[in-house]
Amino acid sequence: MTASPDDCLARNDWICGEYLRTRRHILLEAVLQHLQLTAASVLIALVIAVPMAVLARRWGWAAPPVLGVTTILYTIPSLAMFSLLLPLYGLSAALVVAGLVLYSLTLLVRNILAGLRAVPEDTRQAARGVGYGPVRLLLTVELPLALPAAMAGLRIATVSAFSLVTVGAIVGFGGLGNLIYAGMNTYFKAQVLTASVLCVVIAVAADLLLLGAQRLITPWTRAGRE
Amino acid sequence: MNTLGATWHWLTDPAHWAGDDGIRHRWEQHLVLTVVCLLIACVIALPVALVLGHLGKGGALAVNISNVGRAVPTFAVLVLLLLTPVGAWGEGPTVVALVLFAVPPLLTNAYVGMREVDRDVVRSARGMGMTGRQMLFRVELPLALPLVLNGVRIAAVQLVATATIAALAGGGGLGRIITAGFNLASTPQVVAGAVLVAVFALVVEGVLEAVERLAPRRTRDSR
């Protein structure tokens, strides 16, 4: 393709190879930011969610308040969440990450807790009978058995985070959302479509990756189904 | 603490409640947008889900559509629609994007609700000589109602929350208070807008939860 005046950029086509060729580094940068923001928020949420779920399981009374608070957090709109955290973090990437951590937390705590609760009482008693202490019981019996449910929550949280990052464009840290936002203001069709498609493709790829990881680390679930 | 005080001050200033940019008008826009989109989404999703659930077909589609829907950012859909001919159509892109967003939870919950109706009950209804239509409206739908309403509640709360994003693309609603706050670099206004949307979402959640509890008693006793 040549840069003649009536190439697809000048015509403002939806699909434009010239756009992909000339803005490759911008797209790459946006994708990297998108991945970093999502990965950081989901990992932080995971680190917080596991102890929260374990404690809520240990002390029954802690479960309703933990679930209640995380549910209320989930009702707060993403745009509003970023705005509410604005006084704390200012216009920064930390603002977007903090908002996404709060959303991921809801999904993760809920699913990990459900997984822990689904561990059969017989299994627990058997482990205790052969002399497992509480820590060993948790690490080698309960958590592995809670893995399938936890991974399901992780997949939902990751996919949601990928899609919510775009709203971070309001504070300038939205990964591909930045390109969508800028493309909207300039009616740049190729940029909006390319960024949107990339966004969905990355989310689906991450979901499949996690599904693969889940199959690898929980081989017994597949064996049981056959 | 300073921001909280300033936010309270912003919210209690009567000048911010009146006029076209005022809280009252923006809230009305938000409410109308949410209700219209919810109704359209219900009209599209519920009949499809009820018929599919009644026939027991298309289950994979009904369940997977909400997973796919989660991966598609509403913001991207909104901007894409804005750049198509639909964009010339006022609130068109917002309504279409929000309806697309609300359909999956409605569809999935209503379908699952229909499939979870006790098969023995359905079989006895058929044995009594009920027609398909009678079974659908007199047996399956009443028993599936709690889950159907649950889907409506989830969709409604998500709509209230997501309608905020319409403001990013120049639409109306409470989100405009937030975006205007960002443009004015006024943190109190941004936080005030966020508080208004969050409170609205929680109120809708509370009201619809009450409606679910008031739903016909027999459907709950059967659980």
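The following questions and replies go through a predicted model of two chains, A and B.

Me: What does the secondary structure of chain A come to, in helices and strands?
Reply: In this predicted model, the elements of chain A run from the N terminus as α-α-α-α-α-α-α-α-α-α-α-α. No strand interrupts that series, and the count comes to 12 helices and zero strands.

Me: How many helices and strands does chain B have?
Reply: Read from the N terminus on, the elements of chain B run α-α-α-α-α-α-α-α-α-α. The secondary structure of chain B therefore comes, with helices and strands counted as DSSP runs, to 10 helices and zero strands.

Me: What radius of gyration does chain A have, set beside that of a compact globule of 226 residues?
Reply: The C-alpha trace of chain A spans about 80 × 45 × 20 Å along its principal axes. A compact globule of 226 residues would have a radius of gyration near 17 Å, whereas the value for chain A is 22 Å.

Me: What percentage of the residues of chain B count as buried?
Reply: The C-alpha atoms of chain B fill a box of roughly 70 × 40 × 25 Å along the principal axes, and the chain exposes about 10800 Å², of which carbon and sulfur atoms supply 66%. A residue counts as buried when its relative accessible area is under 20%. Of the 223 residues of chain B, the part that counts as buried is 49%.

Me: Among contacts in chain A between residues at least 6 apart in sequence, what percentage join residues at least 24 apart?
Reply: The contacts considered here are those in chain A between residues at least 6 apart in sequence. Of these contacts, the part that joins residues at least 24 apart is 71%.

Me: How far apart are the mean positions of the positive and negative charges of chain B?
Reply: Chain B has 17 positive and 13 negative charges, and each set has its own mean position. For chain B the two mean positions are apart by 11 Å.

Me: Which three residues of chain B supply more of the area that chain B buries against chain A than any other three?
Reply: The contact between the chains involves 31 residues of chain B and 35 residues of chain A. The area buried between them is about 2900 Å², and carbon and sulfur atoms give 85% of it. On the side of chain B, 23% of the area buried against chain A comes from B:Arg70, B:Leu83 and B:Phe182.

Me: Is B:Phe182 buried or exposed?
Reply: B:Phe182 has its place in helix H8 of chain B. Leaving aside neighbours within four places in sequence, B:Phe182 is in contact with A:Ser83, A:Leu86, A:Leu91, A:Ile170, A:Val171 and B:Val190. Because its relative accessible area is 16% and the cut-off is under 20%, B:Phe182 counts as buried.

Me: Which residue of chain A is in contact with B:Thr179?
Reply: B:Thr179 lies in helix H8 of chain B, residues 175-183, and is buried at a relative accessible area of 9%. Once neighbours within four places in sequence are left aside, its contacts include B:Ala167 and B:Leu168 from chain B. From chain A, the contact of B:Thr179 is A:Ile170.

Me: What distance separates the C-alpha atoms of A:Ala56 and A:Ile170?
Reply: A:Ala56 is found in helix H3 of chain A, residues 24-58, and counts as buried at 4% relative accessibility. Leaving aside neighbours within four places in sequence, A:Ala56 is in contact with A:Ala62, A:Ala63 and A:Leu113. A:Ile170 stands 114 residues from A:Ala56 along the chain, and their C-alpha atoms are separated by 35 Å.

Me: Where in chain A is A:Asn12?
Reply: A:Asn12 has a phi near 60°, a positive value in a residue other than glycine. With a relative accessible area of 24%, A:Asn12 is partly exposed. Its place is in the loop between helix H1 (8-11) and helix H2 (17-22).

Me: What phi does A:Tyr187 have?
Reply: A:Tyr187 lies in the loop between helix H10 (176-186) and helix H11 (189-217) of chain A, and at 48% relative accessibility it counts as partly exposed. Although A:Tyr187 is not a glycine, its phi is positive, at about 55°.

Methods. Residues are numbered from 1 along each chain as its sequence is written. Chains are lettered from A and ligands numbered from 1 in the order in which they are written. This is a predicted model: local features need pLDDT of at least 70, side-chain atom pairs count only at pLDDT 80 or more; totals for chains, interfaces and linings use all residues. Side-chain values use heavy atoms; hydrogens and water are left out. Helices (H or I, at least four residues) and strands (E, at least two) are DSSP runs, numbered from the N terminus. The radius of gyration is taken over C-alpha atoms; the globule rule is 2.2 Å times the number of residues to the power 0.38. Contact means heavy atoms within 4.5 Å. Buried area is the accessible area (1.4 Å probe) that two parts lose on being put together, summed over both. Buried means under 20% relative accessible area, exposed over 50%, partly exposed in between (1.4 Å probe, protein chains only). Accessible areas come from the Shrake-Rupley method with a 1.4 Å probe; for residues, only the protein chains shown count as cover. Lys and Arg count as positive and Asp and Glu as negative; His and the chain ends are not counted. The place of a charge is taken as NZ of Lys, CZ of Arg, CG of Asp or CD of Glu.
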